[in-house]
Amino acid sequence: MIAAAYRDTLCAVLQRKYGRVRNGAKILARSIEASPRTVQKWIAGTAAPRGEELLKLMSECDELRDEIFRLVEEGKRCPDE
């Protein structure tokens, strides 16, 4: 459940912020030193970033950082899921 929530949250935030921007994936990829194809997969929801990539994304996108922290807090309240 947590993995799906993580992927879905990440996808939704990235789609809102970069999905409608022309070359949004390339712009984000350049700023976090990732490949544009990888970022396209994150935006599409077919993949999710790992540790270092997530940290770079969170430093680049405040909205994503806030959503990830929200997921962490929800996980603390519902540890059995």
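**Packing of helices H1, H2 and H3**

In the predicted model, H1 and H3 are roughly perpendicular to each other, because their axes cross at roughly 115° and angles of 65 to 115 degrees fall in that class. H1 spans residues 2-19, and its axis comes within 7 Å of that of H3. On the H1 side, the contact is formed by Leu10, Cys11, Leu14, Gln15, Tyr18 and Gly19, which meet Trp42, Ile43 and Ala44 of H3. By class, the residues of this contact comprise 7 nonpolar and 2 polar, with no charged residues.

H3 (residues 36-44) also packs against H2 (residues 24-32), the two axes coming within 8 Å and crossing at roughly 115°. This crossing of H2 and H3 is right-handed. H2 contributes Ala25, Lys26, Leu28, Ala29 and Ile32 to the contact, while H3 contributes Pro36, Val39, Gln40, Trp42 and Ile43. The contact of H2 with H3 contains 8 nonpolar residues, together with 1 polar and 1 charged residue. Trp42 and Ile43 of H3 thus appear both in the contact with H2 and in the contact with H1.

Within H1, the buried residues are Tyr6, Thr9, Leu10, Cys11, Val13, Leu14 and Tyr18. Among them, Leu10, Cys11, Leu14 and Tyr18 also take part in the contact with H3. The cover over the buried residues of H1 includes H2 and H3, as well as helix H4 (51-60) and helix H5 (62-77).

How values were computed: Residues numbered from 1 in each chain as written. Predicted model: local features only at pLDDT ≥ 70, side-chain atom pairs only at ≥ 80, totals over all residues. Heavy atoms only, no water. Axes fitted to C-alpha atoms, helices over the stretch in contact; angles between N-to-C directions. Helix = DSSP H or I, 4+ residues; strand = E, 2+ residues; numbered from the N terminus. Left-handed = near helix turned anticlockwise from the far one by under 90°. Contact = heavy atoms within 4.5 Å. Nonpolar A, V, L, I, M, F, W, Y, C, P; charged D, E, K, R; others polar. Parallel < 35°, antiparallel > 145°, perpendicular 65-115°, else oblique. Buried < 20%, exposed > 50% of the residue type's maximum accessible area, 1.4 Å probe, protein only.
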